[in-house]
Amino acid sequence: MTTHTTRMLILGSGPAGLSAAIYGARAGMNPIVVQGVQPGGQLTTTTDVENYPGFRDVVQGPWLMEEMQAQAEHVGTRMVWDTITGVDLSRRPFRLTGDSGDVYEGEVLVIATGAQARWLGLESEEALKGKGVSACATCDGFFFRGKRVAVIGGGNTAVEEALYLTNHSPHVTLIHRRDTLRAERILQERLHAHPGITVLWNKAVAGFVDGGGAAGLVAIDLHDTVTGERSRIDVEGGFVAIGHHPATELFRGHLELDGDGYMAVEPGSTRTSVPGVFACGDVADKVYRQAVTAAGTGCMAALDAERFLAHAAFESDRAAAAEPAGEKENAEASW
């Protein structure tokens, strides 16, 4: 067993965690990044990235994350391949235990463990991910300009994605397994008022149809949840919008979470319920969920952490200066 110590410990190596590492390293905090079960985050499973600033041409998600990691290491970040299985946030330095048995201690902790989209769990869905099946209309809707698309779900995210896709597609179908939506009323009103959106009620996805070769998705097979009747709709894009799983289970009981399981942070900051612990990226963001916003909050977390440590050092120095001379001499003698 090895104990690794650092001023800044970061969990997660997606855009949020690596941005925090870049800023933390430049501030002299010598960060350690524990990469977790998916090094590089969700972008490592994304092929074409066309909306990350700074690149006129499409770039590949894995390449972008390799470049971010190289930049973080270049300025002084240490990357560790491990998965955290235990945490002790009761005192500083915070103490975390890895699956390897190693212990990681940090004066501040940045949590950037991300969130995963919920999927339907179909074999055809897995086979067509990135070939017409997506879980992010904002990320991939642009690739379906002028094409028929469908959104699966009935909550706020599904309705918002259906409305967003009308910017690109003249034929948007919302597929919902019930006869009423869970989305907020104002969103439902906008949905029903839009002439470019068709809602299919009481329909569940039975499978995504592969056109073979480079065609990718060409249709979605459905079954009626009331009658059992089978049907098929022709689409070239299918967007699964049934929610996300934030990777926060490890911190349940240690940090405050919101009603959906996301990290609760102070508005306008990355500060969590425990001083010295910061959360950034999709683990705390259920609204935007973009690589660029994750990177931005990673920067915020590093700046918040730097200010926290500076304030803690100032308070420590002030307390030492206020200590009576006799107590100082006794302390020095005992030391």
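Begin by selecting strands S14, S15 and S16, which in this predicted model form an open sheet of 3 strands in the order S14-S15-S16, with antiparallel pairing. At the edges stand strand S14 (203–210) and strand S16 (230–234), and each has a single partner strand, so one side of each is left without a neighbour in the sheet. From one strand to the next, the twist averages 25°.

Keep S16 displayed and add strand S15, residues 217–224, whose antiparallel run alongside S16 is joined by 5 bridges. Within this pair, pick out Ile220, which has Ile233 of S16 standing opposite.

From the sheet, step back along the chain to Asn202, which is placed in the loop between strand S13 (197–200) and S14. Asn202 is not a glycine, and yet its phi is positive, at about 55°. Is Asn202 buried or exposed? With a relative accessibility of 19%, Asn202 counts as buried, because the cut-off for that class is under 20% relative accessible area.

A second residue with this kind of backbone is Arg289, which, although it is not a glycine, has a positive phi of about 50°. To find Arg289, select the loop between strand S19 (277–279) and H7; the residue is buried there, with a relative accessible area of 15%.

For another backbone feature, go to the loop between strand S6 (84–88) and strand S7 (94–98), where Pro93 has its place. If you display the peptide bond from Arg92 to Pro93, you will find it cis, with omega near 0°.

Next, select helix H5 (residues 156–165) together with helix H6 (residues 185–193), whose axes come within 10 Å and cross at roughly 35°. The crossing of these two helices, H5 and H6, is left-handed. On the H5 side the residues to show are Asn156, Val159, Glu160, Ala162 and Leu163, which meet Leu187, Arg190 and Leu191 in H6. Sorted by class, the contact of H5 with H6 comprises 5 nonpolar, 1 polar and 2 charged residues.

While H6 is still selected, turn to Gln188, which is found in this helix. Gln188 counts as buried, at 18% relative accessibility. Which residues is Gln188 in contact with, leaving aside its neighbours within four places in sequence? The contacts of Gln188, with those neighbours left aside, are Leu181, Arg182 and Ala183.

The last stop is helix H1, residues 15–26, whose 12 residues reach 17 Å from the first C-alpha to the last, close to the 16 Å expected at 1.5 Å a residue. How many of the 12 residues of H1 are buried? The helix is mostly covered, with 10 of its 12 residues buried, and if you colour these you will mark Pro15, Ala16, Gly17, Leu18, Ser19, Ala20, Ala21, Ile22, Gly24 and Ala25.

To see what the buried residues of H1 pack against, add strand S1 (3–11), strand S2 (32–34), strand S5 (78–80) and strand S8 (103–111), and then helix H2 (61–74) and helix H7 (291–322). Finally, move just past the end of H1 to Gly28, which takes a positive phi of about 80°.

Notes: Residues are numbered from 1 along each chain as its sequence is written. This is a predicted model: local features need pLDDT of at least 70, side-chain atom pairs count only at pLDDT 80 or more; totals for chains, interfaces and linings use all residues. Side-chain values use heavy atoms; hydrogens and water are left out. Helices (H or I, at least four residues) and strands (E, at least two) are DSSP runs, numbered from the N terminus. The expected span of a helix is 1.5 Å times one less than its number of residues. Buried means under 20% relative accessible area, exposed over 50%, partly exposed in between (1.4 Å probe, protein chains only). Contact means heavy atoms within 4.5 Å. Two strands pair if DSSP finds at least two bridges between them. Axes are lines fitted to C-alpha atoms, for helices over the stretch in contact, and angles run from 0 to 180 degrees between N-to-C directions. A crossing is left-handed if the near helix is turned anticlockwise from the far one by less than a right angle, and right-handed if clockwise. Ala, Val, Leu, Ile, Met, Phe, Trp, Tyr, Cys and Pro count as nonpolar, Asp, Glu, Lys and Arg as charged, and the others, Gly among them, as polar.
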